[in-house]
Amino acid sequence: MSETVPPAVLTIAGSDPSGGAGIQADLKAFTAFGCYGMSVITALTAQNTTGVQGVHPSPPDFVEKQLRSILGDIDVHAIKTGMLFDAANTRVIAQTFRSHYADASSRPPLVVDPVCVSTSGHTLLAPEAVQVLIDELCPIATLITPNKSEAELLLSQSNRAAKITSLGDMIAASEKLLLLGSKAVLLKGGHVELTLADVEKLAAERPDVTVVREELLADNMEILQVNEQDLTTRPLVVDVLKEAERTTLFVSPRIESMSTHGTGCTLSAVIASLLGKGHTLLEATRQATAYTHVGIETAFPVGHGHGPLNHLHALTQRVIPPPTASNPHPLTRILIQSAAKTWKEYVEHDFVKQLAQGTLPRECFMHFIKQDYLYLKYYARAYGLLVAKSSTYGSIESATQTIVNVINEVRTHKAFSARWGISEADLAATPESPSTTAYGAYLIDVGLQGDSAKLIMALAACLLGYGEVGLWLKKEATKPNSWVKLKGNAYLQWIEDYSGEHYQNAVKLGLETIEALAVADPPNALRLQEWSAIWEKCTRLEKGFWDASMKLL
Ligand SMILES: Cc1ncc(COP(=O)(O)O)c(N)n1
């Protein structure tokens, strides 16, 4: 399929006229992920944010007719099911799917959200339909996505009764649910109260279980100063993805919110969209849990009861929440999370770890110092461009101050080098390595072409990353039996320079500059995406810079 043709994705579910759940939620999620959405309606409901006032099911033969109309004409890339309401509808869907795709290898991914009861407590699946769902739909599903009560119902109905109150229970339940025949199970943890302590305990007991905690990454960043609260006892949501070969936990902070109507529908619809686009189940789940989390976080009020999450935050928004006491650096958090994996590879690089242990070979460090000496010239020049693009004395002063800071930083590089017999002339005569040129040239390029906001993004990864490394190492060093060795470490000065007050003041100034951008002129989604892309690129270039110094080994 051409990149430009959106995959066609189908939802088979009930209608929610108030637009929060069911068909309406699914079509919004498909659209948000660039898919062409289609729907087979199993039931009309009369509902709103306060509850379900009535259900009017579609006749099973008409459900079949809708499904055949679509399958007979359009190449479907993924399907999800939601509220199916009764046994006859559930059966006809499973049978039509099997008969249309008689060759099992031609079947599109099928995500089954076993919707049984609405948030407001209304039954959305007749009791006798549960067995049909187990017998006929689970075995053809790529994924089933029950929440706690749906999982308990499915298991009790299939004689594998289980009560789910702990993370261990969730994993055991997901393993049992897999026996119902789907290729994978996503057991949603919205109704199970857990903390990081629970996750860490389980991870220690079960090394086979992978923990994805990108959503929490920014909270562990020293520079963002939001780690004072006791992270281990903070309430979390953990979703368990059980595939045949592996178990993965998706961990995100729990948000106390009334705006959760349609969360399950949206999550499974996003997974179907991404499977339709060819992503792996793991990646689809990662993106879907993150998307749903932000949907709750950015929800706006609708109605008088349990309102819907914001289905379209990725398309429409101002996206950056205002700074608060618990989240004083919202834009920086978004940037770090948007490139979470690369950022972690950068700030926790082997170069940093070996330097902190004092085991980093001298030639690696000297290669780094020489290249950094060359790089910092680009960096200072880029701040010069920022001065040229500034329109207030405040911003001119802060960029100028940074140039002075960089010149001081270069002085410490010279002192390091002199101690090891390398003169300034040697430093200046060092040929630039490709990773230095790539990074330096990119900064100058953004400085010449972009607006000042883009240049600030490009300069931030370096400033904040070194600040993070400095604080992280300093904190680790204070722990009992720490892996960080300060005593007798030949690189101690380096750690002290970056964790020291002088550099950390520069980091604070950088953070203020970044956050001021979001407040002064809030970016729309597209502009924020551009900022994230620049930040991501510079994070990658930073990692590449340390890779190059380690390649000497
Ligand atoms: C048509 C339809 N499908 C699904 C749900 C479940 O959503 P929720 O659990 O958020 O009420 C619903 N209320 N209505």
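In the predicted model, Leu186 of strand E7 has Leu241 of strand E10 as its bridge partner. This pair belongs to an antiparallel arrangement in which E7 and E10, the latter spanning residues 235–243, are joined by 4 bridges. Strand E7 also pairs with strand E6, which comprises residues 143–144; here the sense is parallel and 2 bridges are formed. Within this pairing, Ile144 stands opposite Val185 of E7. Strand E7, residues 184–187, is covered on both faces. Ala184 and Leu186 are buried on one side, and Val185 and Leu187 are buried on the other. Leu186, the partner of Leu241, and Val185, which faces Ile144, thus lie on opposite sides of the strand.

Strand E10 continues the pairing towards strand E11. The two strands are connected by a hairpin of 3 residues, and they pair in the antiparallel sense over 7 bridges. One of the positions in this pairing is Val237, whose bridge partner in E11 is Ser252. Strand E11 in turn pairs with strand E9, residues 209–212, in the parallel sense over 4 bridges; Thr210 has Thr248 as its bridge partner in E11. Burial extends along E11, residues 247–253, in which 7 of 7 residues are buried. Thr247, Leu249, Val251 and Pro253 point one way from this strand, whereas Thr248, Phe250 and Ser252 point the other way. The bridge partners Thr248 and Ser252 are therefore both members of the latter set, and both are buried.

The ligand occupies the second largest pocket. It is surrounded by 13 residues, of which Gly14, Gln47, Thr119, His261 and Gly262 come nearest. Contacts to the ligand involve both side-chain and backbone atoms of the protein. A polar atom in the side chain of Gln47 is placed 2.8 Å from a ligand nitrogen atom. In the side chain of His261, an N or O atom lies 3.3 Å from an oxygen atom of the ligand, while a backbone N or O atom of Gly262 is 2.7 Å from a ligand oxygen atom. On its own the ligand has 360 Å² of accessible area, and the protein covers 92% of this.

Helix H1, residues 22–32, contains several buried positions, namely Gly22, Ile23, Ala25, Asp26, Ala29, Phe30 and Ala32. In an α-helix there are 3.6 residues a turn, so residues three or four places apart point the same way. Among the buried residues of H1 are Gly22, Ala25, Asp26 and Ala29. The helix is followed by Gly34, which has a positive phi near 70 degrees.

Two loop residues combine burial with a polar contact. Asn310 is located in the loop between helix H10 (281–297) and helix H11 (313–316). Asn310 is classed as buried because its relative accessibility is 3%, below the 20% cut-off. The side chain of Asn310 forms a polar contact of 3.2 Å with the side chain of Thr298. Thr430 is found in the loop between helix H17 (424–429) and helix H18 (434–449). With a relative accessibility of 15%, Thr430 likewise counts as buried, and its side chain reaches the backbone oxygen of Leu427 at 3.1 Å.

Methods:
Residues numbered from 1 in each chain as written. Predicted model: local features only at pLDDT ≥ 70, side-chain atom pairs only at ≥ 80, totals over all residues. Heavy atoms only, no water. Buried < 20%, exposed > 50% of the residue type's maximum accessible area, 1.4 Å probe, protein only. Pairing = 2+ DSSP bridges. Near = heavy atom within 4 Å. Polar contact = N/O pair within 3.5 Å; in protein donor to acceptor, adjacent residues only side chain to side chain. Areas by Shrake-Rupley, 256 points an atom, 1.4 Å probe, with all protein chains shown as cover. 1 Å grid on protein atoms, 1.4 Å probe; cavity = no way out; pocket = protein on both sides within 12 Å on 5 of 7 lines; lining within 4 Å. Sits in = over half its atoms within 2 Å of the grid points.
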